[in-house]
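Hi everyone, thanks for coming. I'd like to walk you through one model this morning, so let me put it on the screen.

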Amino acid sequence: MSTSTARDDRAEPAVTVEDLQVHFPVRTGVLRRVTGRARAVDGVSFTVPARSIVTVVGESGSGKTTTGRALVGLSPVAAGRVLIEGRPLADLRADRSLPRLVQIVHQDPYASLNPRMTIGQMIREVVQVHRTVPRERAADRAAELLAQVGLAPALADRHPHELSGGQRQRAAIARALAVEPRFIVCDEIVSALDVSVQGQIVNLLKDLCRDSGVSFLFISHDMSVVRHIADRVVVLYGGRVMESGPCAEVFAAPRHPYTQALLAAVPVPDPRAPLPAAGTRAEPPDPASPPPGCRFQRACPYATDLCRTEPPPTTDVTTDVTGDDTGDGTHTVACHHHDEPAVRAGLGTNDVRTAQP
Ligand code: SF4
């Protein structure tokens with residue numbers, strides 16, 4: 001795991017997210033009148049330190065993709081603040097400098113790769129539009145970018161459909177890097193790839209973070225991938241942060257029942273190991289009418305009356321589980337009962353309930 005978080009904790013964060021809210025109108029009836037608002041993201045805060053990889057993890061409906069899209073200006077921010085290297089997102093949009101600073105790579109690389117252009121043409125076009133090098137150097141720069149993401153020069157003449165899935169994602173990453181951004185959102189970019197190819201892409205992002213100084217927000221539903229890439233982890237459920245902290249600490253001592261359930265569902269490659277729990281098996285709460293209290297209450301084996309009425313506060317539970325005093329940052333948990341022995345031990349993880357919203 002990278003220690004870049006510790007190296008750069010005095011630098012300006014790449015991204016600061018404060019109480020972010022993203023709402024979408026709910027339309028009903030024949031006339032599709034707006035009858036409510038869905039709170040897809042409802043008060044999310046976290047920081048992406050400079051030269052680090054932060055993972056936002058959660059199941060479908062957690063708000064992780066909406067959060068990532070908001071950071072690149074693709075989801076409407078209803079409230080809260082997003083700062084890119086200290087500058088408000090709204091200002092960066094207004095002066096049109098946002099695309100030079102932040103880029104996104106999608107799960108489906110076809111979303112960002114033009115099927116009618118070769119990979120080389122696409123990258124040269126981006127280099128020329130953003131004028132990152134003199135025009136006569138555009139072809140050389142495209143070749144450098146392909147080499148940087150591990151693609152052979154001959155692939156520059158191929159169209160996206162002529163590449164494998166892993167090669168297409170590398171090409172999409174090269175296209176994002178062509179802008180020379182400071183921060184890239186990777187939205188489930190390895191979820192459709194074979195495990196061995198996933199590992200190659202994960203290693204590529206870690207190398208890019210270390211060597212080129214780009215910071216990444218890596219969105220994933222898969223804790224087994226998160227373990228290998230993240231400096232810090234932000235666990236989302238129902239549009240809210242359940243737990244966030246240094247990857248080593250969250251994996252070694254998860255303090256939120258939802259994080260425990262996600263980790264318990266990771267397959268263990270040992271035939272003698274006990275069978276994993278089945279995850280939360282619960283539909284996320286309806287963002288148009290979330291329950292009062294804790295968003296995770298309907299799936300949580302520890303839920304009490306307090307959980308059903310009062311939203312849990314976010315509590316600092318930072319410890320130094322690695323014992324190396326690296327200062328990898330704050331560990332927080334949003335749970336009324338995080339300090340109770342049964343919750344700390346994760347005793348209810350195998351009993352996480354199937355629930356309907
Ligand atoms: Fe939420 Fe209560 Fe469960 Fe904690 S114990 S996760 S506050 S329902």
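Let's begin with helix H2, residues 64-71, which lies across S1, S2 and S4. Its direction is at about 115° to S1. Before I go on, please keep in mind that this is a predicted model.

So what is the order of the strands in the sheet that contains S1, S2 and S4? Reading across, we have S2-S1-S4-S5, an open sheet of four strands with antiparallel pairing. At the edges sit strand S2, covering 33-48, and strand S5, covering 87-88, and each of these pairs on one side only.

Now look at the pairing between S1 and S4. Strand S1 spans residues 15-28 and strand S4 spans residues 79-84; the two run antiparallel and are joined by five bridges. If you want a spot to click on, take Thr-16, whose bridge partner in S4 is Leu-83.

Next, let's move along to strand S9, residues 232-237. Is this strand buried or exposed? Mostly covered, it turns out: six of its six residues are buried. You can see that on either face, since Arg-232, Val-234 and Leu-236 are buried on one side, and Val-233, Val-235 and Tyr-237 are buried on the other. Do notice the arginine in that list: Arg-232 is among the buried residues.

Which strands pair with S9? One of them is strand S3, residues 53-57, which runs parallel to S9 and is joined to it by four bridges. There, Val-54 stands opposite Arg-232, the buried arginine I just pointed out. Another is strand S10, residues 240-246, which runs antiparallel to S9, with six bridges joining the two. In that pair, Val-233 stands opposite Gly-245 of S10.

S9 and S10 form a hairpin with two residues between the strands. For those of you who like to check backbone torsions, Gly-238 in this hairpin takes a positive phi near 60°.

Last topic: internal space. How many cavities of 30 Å³ or more are there? The count comes to two. The largest cavity holds about 90 Å³ of space. Its lining consists of 14 residues, and those nearest its centre are Pro-257, Cys-294, Cys-300, Cys-307 and Cys-335. What is the lining like by class? It has ten nonpolar and four polar residues, and no charged residues.

That's my tour; I'm happy to rotate the view to any part you would like to see again.

Methods:
Residues are numbered from 1 along each chain as its sequence is written. This is a predicted model: local features need pLDDT of at least 70, side-chain atom pairs count only at pLDDT 80 or more; totals for chains, interfaces and linings use all residues. Side-chain values use heavy atoms; hydrogens and water are left out. Two strands pair if DSSP finds at least two bridges between them. Contact means heavy atoms within 4.5 Å. Axes are lines fitted to C-alpha atoms, for helices over the stretch in contact, and angles run from 0 to 180 degrees between N-to-C directions. On a 1 Å grid over the protein atoms alone, a cavity is a set of points where a 1.4 Å probe fits but cannot get out, and a pocket is an open set with protein on both sides within 12 Å along at least five of seven lines; lining residues have an atom within 4 Å of a point. Grid points are joined across faces, edges and corners, and a volume is the space filled by probe spheres set on the points. Ala, Val, Leu, Ile, Met, Phe, Trp, Tyr, Cys and Pro count as nonpolar, Asp, Glu, Lys and Arg as charged, and the others, Gly among them, as polar. Buried means under 20% relative accessible area, exposed over 50%, partly exposed in between (1.4 Å probe, protein chains only).
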